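Me: I would like to go through the labels attached to this model one at a time, and to hear in each case what the label rests on.

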Amino acid sequence: MVTYSCIEENDLDQVIALYEIYLNSGGYIRNAMRAEFHTGDYLGMKACDGDQLVGFFSGQGGIGFTYPHPELESEIRKVAGDRKLYTPDGLLVLEAYREKGVAGELVRRMKQALLRKKVALALVELWIYPDGSIPAQKPLRGIGEAVYQKRIPLFYKDLKQYHIKCPICGDDCSCGALVELLEVKE
């Protein structure tokens, strides 16, 4: 039976290990995830089957792309205005637990946490695989409707400058991103 709760500090090693296998890896990622946890504005939900971590959804207050994109960040700030902004990222469910509602439940719990924090907009960076698929788009729609969208080819082209590795492309990433601002409301 899958149970859900908040990510705690003693979960970070497991969360980071899964992140590095399925999402991005490297010292920059590890350090950023640990720093985010200690900001006081971190939110993280986990799904466990017994003692096994089978999924998680985490994020931070403000703007937090995989690595800095200053021009895009400036554009996002203009669109957001004075509305409270939060960047959920790292939605991951192990393959054996997909299509069983785990991602949907993690998103539902994250949305409730965002509402409690009075967050108005969720900034999502949706990974576009080289084949054009966007795996996280469907579950993340559970947060809210998009009020801003921008499709950016080669969004991760500078990963190697940050010593980050793409699990699909390696050091020379050709993946794009669909950047959206989702309106968080009941």
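Reply: What follows takes up cysteines, two strand residues and a pocket, in a model that is predicted.

Me: How do you know that Cys 6 is not in a disulfide?

Reply: A disulfide requires two cysteine sulfur atoms within 2.5 Å, and the closest cysteine sulfur to that of Cys 6, which belongs to Cys 48, is 12 Å away, so the pair is too far apart for a bond. Cys 175 is likewise in no disulfide, its nearest cysteine sulfur, that of Cys 173, being 3.7 Å away. A search of the whole structure returns zero disulfides.

Me: Why is Cys 6 called partly exposed, and what is Cys 175 called, buried or exposed?

Reply: The label buried applies under 20% relative accessible area and exposed over 50%, with partly exposed in between; because Cys 6 has 44% relative accessibility, the label partly exposed applies to Cys 6. Cys 175 has a relative accessible area of 0% and is therefore buried.

Me: What makes Glu 180 a buried residue, and with which side chain does its own side chain make a polar contact?

Reply: Glu 180, found in strand E7, residues 176–183, has a relative accessible area of 2%, and because the limit for buried is under 20%, Glu 180 counts as buried. The side chain of Glu 180 makes a polar contact with the side chain of Arg 141 at 3.0 Å, a value that can be set against the cut-off of 3.5 Å for such a contact. Among the residues that Glu 180 touches, leaving out those up to four places away in sequence, are Leu 123, Val 124, Gln 137 and Tyr 148.

Me: Why is Val 179 called buried?

Reply: Val 179, which also lies in strand E7, has 0% relative accessibility and therefore counts as buried. Beyond its neighbours within four places in sequence, Val 179 is in contact with residues including Phe 65, Leu 72, Ile 76 and Phe 155.

Me: Which elements supply the lining of the largest pocket, and how do its residues divide?

Reply: The elements that each supply at least two lining residues include helix H1 (12–22), strand E3 (52–61) and helix H4 (102–116), while E4 gives the most, with six residues. The lining comprises 47 residues, with Leu 23, Gly 90, Leu 91, Leu 92 and Ala 136 nearest the centre of the pocket, and divides into 32 nonpolar, seven polar and eight charged. The space in this pocket is about 1200 Å³.

Conventions. Residues are numbered from 1 along each chain as its sequence is written. This is a predicted model: local features need pLDDT of at least 70, side-chain atom pairs count only at pLDDT 80 or more; totals for chains, interfaces and linings use all residues. Side-chain values use heavy atoms; hydrogens and water are left out. Buried means under 20% relative accessible area, exposed over 50%, partly exposed in between (1.4 Å probe, protein chains only). On a 1 Å grid over the protein atoms alone, a cavity is a set of points where a 1.4 Å probe fits but cannot get out, and a pocket is an open set with protein on both sides within 12 Å along at least five of seven lines; lining residues have an atom within 4 Å of a point. Grid points are joined across faces, edges and corners, and a volume is the space filled by probe spheres set on the points. Helices (H or I, at least four residues) and strands (E, at least two) are DSSP runs, numbered from the N terminus. Ala, Val, Leu, Ile, Met, Phe, Trp, Tyr, Cys and Pro count as nonpolar, Asp, Glu, Lys and Arg as charged, and the others, Gly among them, as polar. A polar contact is a pair of N or O atoms within 3.5 Å; within protein, one must be able to donate a hydrogen and the other to accept it, and residues adjacent in sequence count only if both atoms are side-chain atoms. Contact means heavy atoms within 4.5 Å.
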